[in-house]
Structure formats: C-alpha cells, structure tokens
Amino acid sequence: MALRLPSKVLKHILSFIDSNEDRNSVSLVCKSWFETERKTRKRVFVGNCYAVTPAAVARRFPEMRSLTLKGKPHFADYNLVPDGWGGYACPWIEAMAAKSPSLEEIRLKRMVVTDECLERIAASFKDFKVLVLTSCEGFSTDGIAAIASTCRNLRVLELRECIVEDLGGDWLSYFPETSTSLVSLDFSCLDSEVKISDLERLVSRSPNLKSLKLNPAVTLDGLVSILRRAPQLTELGTGSFAAELKPEAFTKLSKAFSNCKQLQSLSGLWDVLPEYLPALYSVCPGLTSLNLSYATVRMPDLVELLRRCSKLQKLWVMDLIEDKGLEAVASYCKELRELRVFPSEPDLDATNIPVTEQGLVYVSKGCRKLESVLYFCVQFTNAALITIARKRPNLKCFRLCVIEPFAPDYKTNEPLDKGFKAIAEGCKDLRRLSVSGLLSDKAFKYIGKHAKKVRMLSIAFAGDSDLMLHHLLSGCQSLKKLEIRDCPFGDTALLENAAKLETMRSLWMSSCFVSFGACKLLSQKMPRLNVEVIDEHPPKTRPESSPVERIYIYRTVAGPRMDTPEFVWTLHKNPEIGVSKLAIK
Amino acid sequence: MITELEMGKGESELELGLGLSLGGGTAAKIAGKSGGGAWGERGRLLTAKDFPSVGSKRAADSASHAGSSPPRSSQVVGWPPIGSHRMNSLVNNQATKSAREEEEAGKKKVNDDHQPKDVTKKVNGKVQLGFIKVNMDGVAIGRKVDLNAHSSYENLAQTLEDMFFRTNPGTIGLTGQFTKPLRLLDGSSEFVLTYEDKEGDWMLVGDVPWRMFITSVKRLRVMKTSEANGLAARHQEPKERQRNQQA
C-alpha cells in the first residue's frame, strides 16, 4: 500500500522550507506536492520579469506576501541598455492589486517604476510594509510621498541608487504624525535637502528604527541631531561629512557617535575630511560593515580607521587605500568576508592607479574568511591569481576588473589563462566570476571545465574565437547568467549550444560578431527563448550576415513581450512573417 | 590555426545542433572557424559615438570630464564597469579636485604640464619599464607596447601589426577590416605610424635613430595617411621643424 502524506502534514513540513530553490524542487515531485507548495509560498522571487506573466504568478501563489522582481539585464548598470528598453513594474502592480491584495512587500531591481505605479501600490495593499527599489527609475519624489502618506504600517522604504526626479524634500513631511512603524529608511540617492525638523520628528517617533541612510544634503549638524534621537541605530548612512572645521562640531559629532552603541554598519561619508574621521573611532570596534567607497580619504587616515575595525566583515573602499592599506587590512581585519576596491579615477588612460595585484594578495593571505571580492586595478599577474586561489579556495564571488583591456600578465607578457584556471579549479564553491585582462580561448576551456558551480559569468574583451563561447556553453554546469561584451566569437558556438540557453536565465552579448541571421534561426528553433535584438538600425535593412550590436536572450513561458520599443526587435516565431515589432503604442 | 570564417553564404550554412553535449566533430568544426572573418563594418568596436540617441540618461549627461585631461581614446560605453551613481560621484570629485587645485604628487592629470615624460613611469613606487600607449584611428581600445622589449623600428612595426591586424593565439585582432599588411614604415600604405614627443609635437616615426626615439616618445598613434598632413615630414632637419612650430 502506497503511503501518502496528508496535505496538512506536508503543509506543516513546508512551512520550514524558506529557500525558493528548495521549494522549486519540492514542486517538481508530483502534482499534490506542487499544489501544496504553491499554496504555501509566501515569498516569491522572479529573476526576470519577462520570463513569466504577472497573472500567472498571481494565480499560482495565492498566499504571496512578498514579491521580488528583476527587470533589465545587469549590463544596464553600465549604460549598455538604452533608455526605454523595458522592465516596467506597472503590469505587475496591476496584476497584484487585483489578485493579491494582501501583498506586503515589494522589492524591485532595475525596473521602471512610475509615480502612478507607486500610488497604485499605496492604494491597493492595505497592509503594505516593505518597499525596496534598487537601481530603478521613472518616478519622482511625489511617488515616494504617496507611499509615505498612505501606507500606515510602512516598515521599510529604501531607495538604493535609483534615478529619481527630485522635486524637493517635501516628501519626507508626508509621513503622518501617527506613523511610528519605520524600521528602515534609505534616501541616500536623492539630491534635495529635506527639512531637518521633519526628519528629527520622524526619527523621534520611530522607536523601531534600526537603519537610516541619509542623502548627501544632510549636513553634519543634521547628522548629530538625528543620532541623538536614534542612538539605537544599527545601520547608518551619513550625509555629507564636509563642514567647516570647528572644534565644537568635532566634539559634538564624536559624542553623538559614541552613544550609538549598537552601530554595526556605516556608509555614506561623502566628502569626508580626514580631520573628522577620529569622531568615528568609538564605533569602529563594533563595525561589521564599512562602506568608504565614496570617501576620498587617503592612506594614513584610512589605516588609522581600519586598524580599529577588528570585527569588520564587509569593506568597500576606493583604491586610495593602496597596497599598503590592504596589507594593514589583512593584519587587522581578520573577520573580513567581503572586499570591494573601486577606482578613484574612471579614466581609461589613467596610468597611476595606486593598487596592484599585491594588495589583493595580502588580503587573500591574511583574511581566512574572505569569500567575496570585487577588485579594480590596472593590471595583474598569473602568479598573483594562483596565490589567491591557493590561499582562498573558499571564494564564492570573484570579480576582477583589470581596467586596461587585453592587459597581459605584466611580468611575463602571457595571457592570464593560467591564473583564471587556478581560480576556477581551486575555488570549488565559486558562484560568481568576472574575468578580465588578456585571455585566450584556453582560459574559457578551463572555466568551462572546472567552474562547476558558477551561476553568473561576466566577460569583456577576451578570447580569440568561437571556441571561447563553445567552452562556456558546453561546460559550466550551473551557469544561469552569462554576459559578454566585445569578444570575437560569431554564430557557430551559439547555435551549436542553443539547448543550453533554456537552462539559463539569460544571455547578453554585445559588440560580438553574432549575425542577425543566427538570431533569427535561434528564435525559430527555440520557441521558449525570447531572442531580442537591440539595434538602432532595423535588421531588415542589412544583410543577414551582418552582426547585430546587442542581443539579449532569455528563457520565458510568457512568449515575446508586447512592450518592446522601436529599437528592440523580438523575432516572431513564425518564419514567414519574419521580423515584426510587437510594440503596442 | 585560426582561419577566416566564411559568412554571408546564407542560413543554410548555419546548422543547429541541439544536443547539450558535443559530438566528436564539433570541437574540430569550431576550431576551424573563428569570429575573425567577414569583417566588413563590424570590424570595429562600437562606442557611444555610434549611438548618439540611443544611450542611457544615467551618466551620459554628467560625465563631462571636467577637470580631467581630454580622453585620449574615444570613450567606450560602459567601461570600466562602474555603476552610474559611482561614476557621477567620481566625475564630481575630479571637478572639485581641479577646482581646489590640490597638489597631486605622481599623477599625470595637470593639463598644462609639459614635463618631459620618461618612457619609464612609476606605478606605486615600482617602475614600469617602457610601456607606452598606442592608439589607432578607428579603434576605440588603445593598447600598450613595451618599447624596451623592442630593438628597432621594424620590430615595433611588426608588433603593432600583430596587435591590431592579426589574430594570433593570445592576442586579438581589433580591426580586421584591413586585410593588407600595415607596412607602417614605408610611405605607401594606408596608415602611418606617428608619435608624440616630449614637447607635445606629433611626428612621423622613423626619422631619428631608435635609441633617441625611445627617449623622446610619449605615445604612439597609427594614423590614416590622409590625415597625416602637416606632420613634420620625414626628412626635415630638427631645426627646421622647430622653426615651423614657432611660426
């Protein structure tokens, strides 16, 4: 007699399963498990908003309380995706307003959000609690005001690196006097000044406020007054740190910080003058996260700060830290898990970047828990990469950006193939990898073969031929997102490995040599992929063998999308019709 | 060896293998082709200039390069890969820096600086021997060559030819639209090799003895012959050249 788990029991068991990956596996077991799982899933994650229709998601998960959506491809962060491409939040909000009015949390990344959309959110979800917008655009401070004024139980409002039409700082005053539920507020990307008195009052009546990230318009005086009212903060993003240097100002600031005994995360620090840094010393021993990537502080001052941060787990900093600063980090910050070093000069021709491969080697040797790296520098060596791989096999995320395209190992003049081979082979848990520097097809052979857990791979200015893409698409067992620019492969590898694309979320290719003909063929043969050609010139006006500028391919059960702009060409599935613009104006 | 891909023969040539794993012949098939053929109009890396209206609002407007020396290679979109918020902040920083006129030891950013630049540069205290930038007309990405690794003009010309025009294992041909050899040193090719000397003047390469050349060169440019008018002619006396400049 077959045993069957009563659905109540299964439901109870599933209530312990949070990870969506696990839940996805659960839902594949059999129909009844699928049904039970879908009725109990509360947090829904959609990695590509065009992979599925909003209606389908709403239908499948009736108990949804939290929705996370991602829109534009990652390379949109670097201006590679033209404006108007898509990623509109509205259709999702509309669908959820109709079908899931109990929705409490919305998190959007790289999407276009309008004021109307925000007003709809405010009006439709009675118990709305969390709004996090990351790298979004299309709205103004009016939309934020609508959220602030209407969502009575709002706990989290975070605008992370959004492009907002800033109509002034009034939005802050729209939080009603009765609102006391705020836990987290992040308006660091807004330009306008808010009224400090409004902010003070809001902070004073929000006893649960744990995270507050101010914008650069908030002065040091303002900061002091806020800190006095919120000594319970665990996360703080300061405003501008530049001010006339008066001793009283320094003392006040110092005192305010020393009262924040629970502060774990510190960011902001725009324009920070080194003379003010000692005011932070009191919080350093408790800090687990420090973002100095907007602070133009230089060496000796940086070390003075960092040597006090013995519990630091996450450090974001500019290359002004230099190799010797990183050496200090390696000896003082033994708990470090994540390091990001950003360039202080964006100029491609800059010849004097203060960090070299040695800096990263120091940290790799000294910080045993290091698992995530983002490192910008001018050039690198195979030896350094090999050392890093040997010392830190526990790396999960390794993004090396050698700013000089095609830069070889500067000591041996060889490609960096051997170095990345060591990384791929040695770091068996690697999930995310970005490569750079001079790389031949061989490097990709190693990556394809050894990087078994890599899910996201970013490549620029590398490789010699189609082999490179072939190695990646025929290897890399866990690959979900691949983004490649300016590499010399053509159609062959793409077409040979077409089936792989259905196992991935998306593939972005720009400035490579893939032809329009290949895109068309791919689209015809693979109905569950959307092949989108982004090109200013209609593909019909050029021969089929001519390369297209940008291609975005993603798997979908929603069919070709209806909101493509003029410059995006989704190839229609019916070959007789050829190319059609499915935009609805 | 990488041979040229035969494209433009219609869709029938493109076969679609739907297997996830590759059959025995596939690797060989692919090895015989490369993306290096059918160059035509795509032989060039496209830059923001090619898409004047199709660009993201984000950093395009504010990336005014205020305070920085004019970009020597045309701006490549999205490189280095820094998010626009950060990019804007960096550009603002640079503007503030030059506004304050802070002293920058060891940086090259002062526009009016005519200090003769040695071929050797210091990076973080370590000396980088002989690497200078090479740009080519029509190619967005510049390269670097190590002059000290070369012994003659012919050497140098060969390296540049390999860099920009051929795909060798481990290098990438950046243009490929030009299938003829460069022949940079003779006057008959489409391109000439020019250099900027310590005084900021652009000259044709090849006049002076090699050793003298490497001490006075700041950077190189592969220029279209048609645009190389007005450059100091090959056989002019150095004095004549100076006279011309001061005129």
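In this predicted model, the side chains of A:Lys453 and A:Asp429 meet in a salt bridge, with 3.3 Å from N to O. A:Lys453 lies in the loop between helix 16 (441-450) and strand 18 (456-460) of chain A, while A:Asp429 lies in the loop between helix 15 (417-426) and strand 17 (432-434) of chain A, so the pair ties together parts that are 24 residues apart in sequence. How accessible are the two partners? A:Lys453 counts as partly exposed at 39% relative accessibility, and A:Asp429 is partly exposed too, with a relative accessible area of 35%.

Why do such pairs form? Side chains of opposite charge can pair when their charged atoms come close.

**More salt bridges**

A search of the whole structure finds 38 salt bridges over all chains. Here are three of them, set side by side.

| Positive partner | Negative partner | N to O distance |
|---|---|---|
| A:Lys453 | A:Asp429 | 3.3 Å |
| A:Arg43 | A:Glu105 | 3.0 Å |
| A:Arg23 | A:Glu37 | 2.7 Å |

Let's take the pair of A:Arg23 and A:Glu37, whose side chains meet in a salt bridge. A:Arg23 lies in helix 2 (residues 20-26) and A:Glu37 in helix 3 (residues 31-40) of chain A, so this salt bridge ties together parts that are 14 residues apart in sequence. Are these two residues buried or exposed? Both A:Arg23 and A:Glu37 are buried.

Now follow the pair of A:Arg43 and A:Glu105, which also meet through their side chains in a salt bridge. Because A:Arg43 lies in strand 1 (residues 43-46) and A:Glu105 in strand 3 (residues 105-109) of chain A, the pair ties together parts that are 62 residues apart in sequence. In this pair, A:Arg43 is partly exposed, with a relative accessible area of 42%, whereas A:Glu105 is buried, at 14%.

Salt bridges can also be linked to one another: A:Glu177, A:Asp198, A:Arg201 and A:Arg205 form a network of them.

**A mostly covered helix**

Next, look at helix 19 (residues 516-525) of chain A, where eight of the 10 residues are buried. Which residues are they? The buried ones are A:Phe516, A:Gly517, A:Ala518, A:Cys519, A:Lys520, A:Leu521, A:Leu522 and A:Ser523. What covers them includes helix 18 (492-496), strand 21 (529-534) and strand 22 (550-555) of chain A.

**Charge on the surface**

Turn to the surface, and you can find patches of charge. Which residues form a negative surface patch? They are A:Glu116, A:Glu119, A:Asp142 and A:Glu165. One of them, A:Glu116, sits in helix 6 (residues 115-124) of chain A and is exposed, with a relative accessible area of 54%.

There is also a patch of positive charge on the surface, where A:Lys334, A:Lys365, A:Arg368, A:Arg390 and A:Lys391 gather. Among them, A:Lys365 lies in helix 13 (residues 357-366) of chain A and is partly exposed, with a relative accessible area of 46%.

**Two separated residues**

Finally, find A:Pro6, which is in the segment before helix 1 (7-14) of chain A. A:Pro6 counts as partly exposed, at 45% relative accessibility. How many Å separate the C-alpha atoms of A:Pro6 and A:Asp271? These atoms are separated by 61 Å, and the two residues are 265 residues apart along the chain.

Key. Residues numbered from 1 in each chain as written. Chains lettered and ligands numbered in written order. Predicted model: local features only at pLDDT ≥ 70, side-chain atom pairs only at ≥ 80, totals over all residues. Heavy atoms only, no water. Salt bridge = Lys/Arg side-chain N within 4 Å of Asp/Glu carboxyl O. Helix = DSSP H or I, 4+ residues; strand = E, 2+ residues; numbered from the N terminus. Buried < 20%, exposed > 50% of the residue type's maximum accessible area, 1.4 Å probe, protein only. Contact = heavy atoms within 4.5 Å. Patch = residues over 30% accessible without salt bridge, like charges linked within 9 Å, V, L, I, M, F, W, Y side chains within 5 Å. Areas by Shrake-Rupley, 256 points an atom, 1.4 Å probe, with all protein chains shown as cover. Lys, Arg positive; Asp, Glu negative; His and termini not counted. Charge placed at Lys NZ, Arg CZ, Asp CG, Glu CD.
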